[in-house]
Amino acid sequence: MAEASAKRGSQAERPLSPHLQIYSMTISMAMSIVHRITGAALYVGTLLVVWLLAAAASGPEQFDFVTGLLGTWPGQIVLFGYTWALLHHALGGIRYFIWDTGRGYTIPMIDRLCWITLALSAAGTILIWGYVLLSWGGAAS
Ligand code: HEM
């Protein structure tokens, strides 16, 4: 009994690895989490693309139905999110590929690559949607 509690005591004195709440969030931690979330979101986005292609192959009524749904404002919010998730995940993937070559492992460079990914994905999404919305405006007039 005394032996068992002595053992528990010695276990308690061992150094423990810091738990989650010890860390303050860094940009690279946040981007790692977001990379996984966007990867999961892309599964849903891919299903939407398949749905659109299947509708296009099925006939004009089905195609109009799907594009009509995706053209509503909730549909456009989903497509906007999908655009950002795709760009963010693809650029994040390129960041991982750079790290896979063994480059970019200093802390300032890790942070810089993360911010570049974030900035380019945001800029790319705005550019794509700016172009889409402007061309819709042009088509309507
Ligand atoms: C529809 C397309 C895609 C889907 C559904 C998808 C899905 C995912 C998911 C779910 C993960 C997370 C795995 C995990 O954390 O365990 C992941 C990781 C990854 N993805 Fe994608 N992905 C797609 C496109 C891409 C593209 C275009 C690239 C590169 C340009 C890419 C590069 C990567 C890389 C490098 C990882 C691993 C990151 C790591 O080491 O933690 N993915 N992907």
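Here is a chat between two people about a predicted model of a five-helix protein with a ligand.

Colleague: Let's start with the overall fold. What makes the pattern α-α-α-α-α?

Modeller: The protein has five helices and zero strands, and reading along the sequence gives α-α-α-α-α.

Colleague: How much of the protein counts as buried?

Modeller: Of its 141 residues, 9% do. As for contacts with a separation of 6 or more, 71% of them come from residues 24 or more positions apart.

Colleague: Take H4, then. How do you know that its length agrees with what a helix should span?

Modeller: H4 has 28 residues, and at 1.5 Å a residue they should span 40 Å; the end C-alpha atoms are 40 Å apart, so the two agree. H2 can be checked in the same way: its 32 residues reach 45 Å from first C-alpha to last, close to the expected 46 Å.

Colleague: What comes just after H2 and just after H4?

Modeller: A glycine with a positive phi in each case: Gly 59 just after H2, at about 140 degrees, and Gly 102 just after H4, at about 90 degrees.

Colleague: Why is H3 called roughly perpendicular to H4?

Modeller: The axes of H3 (residues 60-71) and H4 cross at roughly 80 degrees and come within 5 Å. The range for roughly perpendicular is 65 to 115 degrees, so H3 is roughly perpendicular to H4.

Colleague: Which residues meet there?

Modeller: From H3 you have Leu 69, Leu 70 and Gly 71, and from H4 Gly 75, Gln 76 and Leu 79. By class, this contact has three nonpolar, three polar and no charged residues.

Colleague: Now the ligand. Which elements give two or more residues to the shell around it?

Modeller: Helix H2 (27-58) and helix H4 (73-100). H2 gives the largest share, seven residues. Among the residues surrounding the ligand are His 35, Arg 36, Tyr 43, His 89 and Tyr 96.

Colleague: And what is the mix by class in that shell?

Modeller: Six nonpolar, five polar and one charged. Arg 36 is in the shell, and Arg counts as charged, while Gly counts as polar.

Colleague: Which residues of H4 are buried?

Modeller: Tyr 82, Ala 85, Leu 87, His 88, His 89 and Gly 92. His 89 is also one of the residues around the ligand.

Colleague: Over to H5. Why is Thr 125 called partly exposed?

Modeller: Thr 125 has 19 C-beta neighbours inside 10 Å. Buried takes 20 or more and exposed takes 12 or fewer, so Thr 125, with 19, counts as partly exposed.

Colleague: What does Thr 125 touch, leaving aside its neighbours within four places in sequence?

Modeller: Thr 83, Trp 84 and Leu 87. Leu 87 is one of the buried residues of H4. There is also Leu 86, 39 residues away along the chain, with its C-alpha atom 9.3 Å from that of Thr 125.

Colleague: Ile 128 lies in H5 (residues 107-140) too. What makes Ile 128 partly exposed?

Modeller: Its count is 15 C-beta neighbours inside 10 Å. That value falls between the cut-offs of 12 and 20, so Ile 128 counts as partly exposed.

Colleague: Where is Trp 84 relative to Ile 128?

Modeller: The two are 44 residues apart along the chain, and their C-alpha atoms are separated by 9.7 Å.

Key:
Residues numbered from 1 in each chain as written. Predicted model: local features only at pLDDT ≥ 70, side-chain atom pairs only at ≥ 80, totals over all residues. Near = placed C-beta within 6 Å. Helix = DSSP H or I, 4+ residues; strand = E, 2+ residues; numbered from the N terminus. Axes fitted to C-alpha atoms, helices over the stretch in contact; angles between N-to-C directions. Parallel < 35°, antiparallel > 145°, perpendicular 65-115°, else oblique. Contact = placed C-beta atoms within 7 Å. Expected span 1.5 Å × (residues − 1).
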